[in-house]
Amino acid sequence: MTAFTPSIFDSFAFGIYPYIAMAIMFIGSWIRYDREQYTWKTSSSQIMEKKQLRKGSIAFHIGVIAIFFGHFAGLLMPKSVWHLLGITTEMKQLIAMGVGGFFGLICFYGLTILIIRRLTNPRVRANSSTMDIAILLVLYAQLILGLLSIFVSMGHLDGAEMLKLMAWAQNTMTFQSAAAVEAISGVHWIFKAHVFLGMTIFVLFPFSRLVHMLSVPVQYVRRQHQIVRQRFVR
């Protein structure tokens, strides 16, 4: 039996790059919050155009939040836990395709509106940074890869590819990079591209408006109302 020898690309992209990406995300976000708190915001363009922003933003956030937690549970929860809940690998594969596809399309709808608005509305475009546009396009590419992966998964309804991706994610989180690389090396290139681009989003995270995801505005619940304008009755 010959020993497994991964390619140089696989060794770097799926064994080393994830740790580089996560380090840049956490350290970069910490430095930005410490040194540039004024930039820690979404820089809303609602004042320039509200209708399309509302339509696209609601759909995008519903979709992306569901996808995030779906990926988190689907990749990091051990298969023994799923089996304990009575969900077989085949059932989990179908759930991932159905639920992921549903919320993926909702997200796709919202993100398409946001990108068109960002690129075609003169006022919004003039007040958009290069990173504002770039991060939307990167998220769009990542979403398209995710939707395309559903068609690839149709040829693996036994969940074999999914188990390999789960093994990669769980081994990566437990710092077993060699086992992680071995698990993902044989999967379809669309899954590899999806994972690699996902790590790249972590790299871009601290340099974009995505940092607002780390801020939960709980203080607004107990904060007193701010009076912006007061009407005096004569």
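Which residue forms a salt bridge with Asp10? Keep that question in mind while taking in the whole chain, which is a predicted model.

**The whole chain**

Begin with a cartoon view of the protein, where there are 11 helices and zero strands, so that, going from the N terminus, every element in the run is an α element. If you then switch to a surface view, the accessible surface comes to about 15,200 Å², and carbon and sulfur atoms account for 68% of that area. Of the 234 residues in the protein, 38% are buried. When contacts between residues at least 6 apart in sequence are considered, 80% of them join residues at least 24 apart.

**First stop: Asp10 and Lys192**

A search of the whole structure finds three salt bridges, and the tour visits each of them in turn. Select Asp10 together with Lys192, the residue that answers the opening question, and look for their closest N and O atoms, which are 3.1 Å apart. Because Asp10 belongs to helix H1 (residues 8-15) and Lys192 to helix H10 (residues 189-204), this pair ties together parts that are 182 residues apart in sequence. Both partners fall under the 20% cut-off for buried residues, with Asp10 at a relative accessible area of 6% and Lys192 at 15%.

**Second stop: Asp132 and Arg209**

Next, select Asp132 and Arg209, which form another salt bridge, with 3.1 Å between the closest N and O atoms. Asp132 lies in helix H7 (residues 130-153), whereas Arg209 is found in the loop between H10 and helix H11 (219-222), so this pair joins parts that are 77 residues apart in sequence. Are these residues buried or exposed? Asp132 is buried, its relative accessible area being 11%, and Arg209 is also buried, with a value of 18%.

**Third stop: Glu161 and Lys164**

Finally, select helix H8 (residues 160-173) and show the side chains of Glu161 and Lys164, which are three residues apart and therefore separated by about one helical turn. Their salt bridge has its closest N and O atoms 3.6 Å apart. Glu161 is buried, with a relative accessible area of 6%, while Lys164, at 31% relative accessibility, counts as partly exposed.

**Looking back**

Side chains of opposite charge can pair when their charged atoms come close. With the three salt bridges shown together, you can compare the link between helices H1 and H10, the link from helix H7 to the loop between H10 and H11, and the pair within helix H8.

Definitions and conventions: Residues numbered from 1 in each chain as written. Predicted model: local features only at pLDDT ≥ 70, side-chain atom pairs only at ≥ 80, totals over all residues. Heavy atoms only, no water. Helix = DSSP H or I, 4+ residues; strand = E, 2+ residues; numbered from the N terminus. Buried < 20%, exposed > 50% of the residue type's maximum accessible area, 1.4 Å probe, protein only. Contact = heavy atoms within 4.5 Å. Areas by Shrake-Rupley, 256 points an atom, 1.4 Å probe, with all protein chains shown as cover. Salt bridge = Lys/Arg side-chain N within 4 Å of Asp/Glu carboxyl O.
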